[in-house]
Amino acid sequence: MRLAPLPKLVIFDLDGTLVDSVPEIAIAIDHTLREMHLPVAGEERVRHWVGNGLHKLVERALRFAEHFSTEYQHQAITLFEKHYAEVLNQKSPLYHQVVALLTELKRSNICMALCTNKPEQFVWPLLKHHQIETFFSLVVGGDTVSEKKPSPLPLHFICNSLDISPSDTWMVGDSQADALSAEAAGVSGILLKQGYSQGLDLTALPHLAVFQDIESFLASITQ
């Protein structure tokens, strides 16, 4: 499948799209639960909880442990932020061909931005660790603007800031939040099966195209 014509702007999600961050997130979640004297979750469970921001991630962990309340959620968020900062960039590899894809888009003079529900304080260390931060003209985290994906607000903020129409934009992600945010913003959605879809069938979500991974997406714009 060949995707053409290429847009003026490509907005990327981060977790599950560019970086496989679940191993570190799972370690931080389990450290948090253990410190609260609750049963740990393990990586496979956490893999199904990622994609809707920190508050939802922690809520899912506490509900798994049958210990959810607003008070415990605030406590768990504070603990998670501490533990995640301690393990960040220890086990979070880039997906195969990410640098090649970003390089190809840059060569084609396509503007790139990042839109993630991860708190911004954790975004820049990941980008800098993998030396890909210079590819992005704008980075929007889960706390950069007042709403997160699946709201269209973060994508509208990026398009308005870069003065590029949503109709000339692709959103590349791996989840329902990415698909619904793109649809609501009038942006074309590219979905990748490699990431954290929470068990959903991505082909049933709004999309321009669905690919297995970054490598097959790259092939679709270079073949």
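Here a colleague asks a modeller how some labels on this predicted model are justified.

Colleague: Why is Ser181 called buried?

Modeller: Its relative accessibility is 0%. Buried means under 20%. Ser181 is therefore buried.

Colleague: Where is the place of Ser181?

Modeller: Ser181 is in helix H8, which covers residues 176-185.

Colleague: What makes the link between Ser181 and the backbone oxygen of Ser151 a polar contact?

Modeller: The side chain of Ser181 reaches that oxygen at 2.9 Å. The cut-off is 3.5 Å. The value is within the limit, so the pair counts as a polar contact.

Colleague: Which residues is Ser181 in contact with, leaving aside its neighbours within four places in sequence?

Modeller: They are Lys149, Pro150, Ser151, Pro152 and Leu155.

Colleague: How do you know that Cys111 has no bond to Cys159?

Modeller: Look at the sulfurs. The closest cysteine sulfur to that of Cys111 is in Cys159, 9.6 Å away. A disulfide needs the two sulfur atoms within 2.5 Å. The distance is therefore too far for a bond. Cys159 is in no disulfide either, as its nearest cysteine sulfur is that of Cys111. The count of disulfides comes to zero.

Colleague: Is Cys159 buried or exposed?

Modeller: Buried. Its relative accessible area is 2%, and the limit for buried is under 20%.

Colleague: Why is Phe12 called buried?

Modeller: Phe12 has a relative accessible area of 0%. That value is under 20%, so Phe12 is buried. Phe12 is found in strand S1, residues 9-12. Leaving aside neighbours within four places in sequence, its contacts include Leu101, Met112, Cys115, Phe136 and Val172.

Colleague: How many residues apart in sequence are Phe12 and Glu183, and how far apart in space?

Modeller: They are 171 residues apart in sequence. In space, their C-alpha atoms are 15 Å apart.

Colleague: How many cavities of 30 Å³ or more does a search of the whole structure find?

Modeller: One. The largest cavity has a volume of about 210 Å³.

Colleague: What lines the largest cavity?

Modeller: The lining has 21 residues. Asp15, Val50, Gly51, Gly53 and Lys118 lie nearest the centre. Helix H3 (54-64), helix H4 (70-87) and H8 each supply at least two residues.

Colleague: How do the residues of this lining divide into nonpolar, polar and charged?

Modeller: Nine are nonpolar, six are polar and six are charged.

Note on methods: Residues numbered from 1 in each chain as written. Predicted model: local features only at pLDDT ≥ 70, side-chain atom pairs only at ≥ 80, totals over all residues. Heavy atoms only, no water. Helix = DSSP H or I, 4+ residues; strand = E, 2+ residues; numbered from the N terminus. Buried < 20%, exposed > 50% of the residue type's maximum accessible area, 1.4 Å probe, protein only. Polar contact = N/O pair within 3.5 Å; in protein donor to acceptor, adjacent residues only side chain to side chain. Contact = heavy atoms within 4.5 Å. 1 Å grid on protein atoms, 1.4 Å probe; cavity = no way out; pocket = protein on both sides within 12 Å on 5 of 7 lines; lining within 4 Å. Points joined across faces, edges and corners; volume = space filled by probe spheres on them. Nonpolar A, V, L, I, M, F, W, Y, C, P; charged D, E, K, R; others polar.
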